[in-house]
Amino acid sequence: MQKNIIILLFCLPILGFSQNEWHLKKEDNDIKIYTRDASNSDLKEFKAVTTINTASKHILEELLTAPEYYENCKPNTSYYVKELDKNQHVFYAHKDLPWPIKDRDIVTLLTVKTIDSTTVKLTLESLPDELPKKDKTIRVKKLMGHWLLEEIDGKTRVTQQLFLNPEGNLPPFVVNSLLIKGPYKTFKDLHKTVTQSK
């Protein structure tokens, strides 16, 4: 998957979980993408759902695997920064965007929590001050979301729900237009990578 799980964050507007109704926007290859209006914002949030024919441990391993972070790391890849404890992991990603849009980067804390013997939840939140800021790059500060892995009879139902404010002056219609394509590609790649490596 080119370790692009965290990179997906740059495609998604997030301000907070709302209570508005979800609307199915795309259904293909056993992948469903939903969006809904975020409260008090012109931005939308999204939820992606699929079922993969593999145990949840294989998906968890893929989500936690990334090349080691270094100071001048290349853009458009997620990097593993450090482990805070056995259940908390810090990732960094830098997104190279076309001029005149400023590049974005994000430092993300991923916390793994075992709900029960068949369910694992990975929560995501931003750690904007964990690493020094870079020149000509906007650091994303507002992020909340999660992955939910639910294993049933050797298969895993995967849900991603995510909210991110990309900061700066990006028009809402530009950000919202990425809500379907980005998550769909990530889930399609996840299907391919996990089933090939198990």
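## A tour from strand β9 to helix α1

Start by selecting K142: this residue is partly exposed, with a relative accessible area of 49%. You are looking at a predicted model, and K142 sits in strand β9, which covers residues 142-152.

Keep K142 selected and add L164. These two residues lie 22 positions apart along the chain, yet their C-alpha atoms are separated by 5.8 Å.

Now zoom out and colour by secondary structure. You should find three helices and ten strands. Following the chain along the sequence, the order reads β-β-β-α-β-β-β-β-β-β-β-α-α.

Next, go to helix α1, residues 56-64. Which residues of α1 are buried? Select S56, I59, L60, E62 and L63 to see them. Turn the view until you look down the axis of α1: the buried residues fall within an arc of 160°, so they line one face of the helix. In general, an α-helix has 3.6 residues a turn, so residues three or four places apart point the same way. Then rotate to the other side of α1, where K57 and E61 are exposed.

For the last stop, show the whole protein again, this time with its surface. Of its 198 residues, 49% are buried. The protein exposes about 10,500 Å², and carbon and sulfur atoms supply 48% of that area. If you display contacts, consider those with a separation of 6 or more: residues 24 or more positions apart account for 58% of them.

Note on methods:
Residues numbered from 1 in each chain as written. Predicted model: local features only at pLDDT ≥ 70, side-chain atom pairs only at ≥ 80, totals over all residues. Heavy atoms only, no water. Buried < 20%, exposed > 50% of the residue type's maximum accessible area, 1.4 Å probe, protein only. Helix = DSSP H or I, 4+ residues; strand = E, 2+ residues; numbered from the N terminus. Arc of directions from axis to C-beta. Contact = heavy atoms within 4.5 Å. Areas by Shrake-Rupley, 256 points an atom, 1.4 Å probe, with all protein chains shown as cover.
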